[in-house]
Amino acid sequence: MSDEEEIILSELNDEELVDQMFDDLYDGLKEEIEEGVNILLERGWSPYRILTEALVGGMTIVGHDFRDGILFVPEVLLAANAMKGGMAILKPLLVETGAPRVGKMVIGTVKGDIHDIGKNLVGMMMEGAGFEVVDLGINNAVESYLDALESEQPDILGMSALLTTTMPYMKVVIDTLVEKGLRDDYIVLVGGAPLNEEFGKAIGADAYCRDAAVAVETAKEFMGRKHNALSA
Ligand code: B12
């Protein structure tokens, strides 16, 4: 290793750079990821393209190796930290300043679950699309969602779960909303890798969203319907 020449990121072409970023994300090298993001921005890549092709693409590889027992929690945490470094640079660019507010969303990862990368990504993309986003963070019990719904009065409630053991908790939250007669006051969107459309329907959510882009489209669609219903 020590004889190897140091790789100068800025000297790589786009494809090589993205491949190198996959490696750097895998190795949890936050500074290198930040540098890679900045280089791609300078080369005219859109923030969204960097996010999906370089960062999410790299995280997918990490996910596969975690699943297959090649990587373990400490390494994945480092990778997640590197990804967050890159996301922090992109966030202000994805958020169009001064865009008219299209709606408001409260979003949080459910109780027992500490995965937040996907949730953060959805939050960023929603902000970028003009939504106001209130992020409740991770490990949210039903009370935490209820308090936020009351104090923030959002249009949309978003819940994230990445574990098969925590995803049923979404139903606990939705059932509580039903019990309190509040369910119809909010558009409920759910997401996370282990979920699917069927699960979303079964727990009484308005929609399951496969990724952040679908989340934005779905949120806009529901907001459109809501406005039409109000003006009818
Ligand atoms: C990173 C990671 C971690 C990190 C989390 C760091 C962090 N800050 O988030 C750490 C190391 C802490 C971790 C811990 C654990 N993890 Co983990 N982790 C992952 C990994 C590799 C990537 C997840 C990720 O960030 N993906 C990238 C993002 C962008 O994708 P995403 O989360 O799916 O989000 C997108 C969509 O799902 C959707 N979406 C997500 N949320 C929402 C919400 C709404 C409202 C909407 C509309 C859309 C939406 O949009 C997002 C953006 O496009 C996955 C593997 C995988 N393939 O998912 C395993 C994975 C989720 N983890 C797993 C496991 C088992 C664990 C642990 C139990 C391991 C352990 N033995 O301790 C712990 C659990 C801790 C806990 N209590 O939560 C399993 C779950 C298996 C299962 N079926 O339940 C997975 C699938 C890996 C595997 N195959 O074994 N993990």
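An oxygen atom of the ligand sits 3.4 Å from a polar backbone atom of glycine 192. That contact comes from a predicted model. So do the other values in this report, because the whole structure is a predicted model.

## Around the ligand

How many residues surround the ligand? There are 34 of them. The closest are Ile114, His115, Asp116, Ser160 and Thr164.

The ligand carries a cobalt atom, and the protein gives this atom a single donor. The donor is NE2 of His115, 2.2 Å away. Histidine 115 belongs to the loop between strand 1 (103–109) and helix 5 (117–128).

Two other residues make polar contacts with the ligand. Isoleucine 114 uses a backbone N or O atom, which lies 2.7 Å from an oxygen atom of the ligand. Serine 160 uses a polar side-chain atom, which lies 2.7 Å from a nitrogen atom of the ligand.

## Salt bridges

Side chains of opposite charge can pair when their charged atoms come close. A search of the whole structure finds 13 salt bridges. The table shows some of them.

| Acidic residue | Basic residue | Closest N and O atoms |
|---|---|---|
| Glutamate 53 | Arginine 49 | 3.1 Å |
| Aspartate 116 | Lysine 84 | 3.2 Å |
| Glutamate 152 | Lysine 104 | 2.9 Å |

Where do glutamate 53 and arginine 49 lie? Both are in helix 3, 4 residues apart, so about one helical turn separates them. Glutamate 53 is partly exposed at 39% relative accessibility. Arginine 49 is partly exposed too, at 35%.

Lysine 84 and aspartate 116 form another salt bridge. This pair links distant parts of the chain, 32 residues apart. Lysine 84 is in helix 4 (residues 73–94), while aspartate 116 is in the loop between strand 1 and helix 5. Is aspartate 116 buried or exposed? With 17% relative accessibility, aspartate 116 counts as buried. Its partner, lysine 84, is partly exposed at 35%.

Glutamate 152 pairs with lysine 104. Glutamate 152 lies in helix 6 and lysine 104 in strand 1, so the bridge ties together parts that are 48 residues apart in sequence. Glutamate 152 has a relative accessible area of 26%, so it is partly exposed. Lysine 104 has 15%, so it is buried. A network of salt bridges links Lys104 and Glu152 with Glu132.

## Buried residues

Asparagine 140 is in the loop between strand 2 (131–135) and helix 6 (142–152). Why does asparagine 140 count as buried? Its relative accessibility is 4%, and buried means under 20%. A polar atom of the asparagine 140 side chain lies 3.0 Å from the backbone oxygen of glycine 137.

Glycine 36 is part of helix 2 (residues 30–42). Glycine 36 is buried as well, with 0% relative accessibility. Its C-alpha atom is 7.9 Å from that of valine 18, and the two residues are 18 residues apart along the chain.

## A patch on the surface

Which residues form a nonpolar patch on the surface? They are Phe66, Val73 and Leu77. Together they have about 290 Å² of accessible area. Phenylalanine 66 sits in helix 3 (residues 47–67). Phenylalanine 66 is partly exposed, because its relative accessible area is 37%.

How values were computed
Residues numbered from 1 in each chain as written. Predicted model: local features only at pLDDT ≥ 70, side-chain atom pairs only at ≥ 80, totals over all residues. Heavy atoms only, no water. Donors = N, O, S within 2.8 Å, 3.2 Å for Na, K, Ca; no water. Helix = DSSP H or I, 4+ residues; strand = E, 2+ residues; numbered from the N terminus. Patch = residues over 30% accessible without salt bridge, like charges linked within 9 Å, V, L, I, M, F, W, Y side chains within 5 Å. Areas by Shrake-Rupley, 256 points an atom, 1.4 Å probe, with all protein chains shown as cover. Salt bridge = Lys/Arg side-chain N within 4 Å of Asp/Glu carboxyl O. Buried < 20%, exposed > 50% of the residue type's maximum accessible area, 1.4 Å probe, protein only. Near = heavy atom within 4 Å. Polar contact = N/O pair within 3.5 Å; in protein donor to acceptor, adjacent residues only side chain to side chain.
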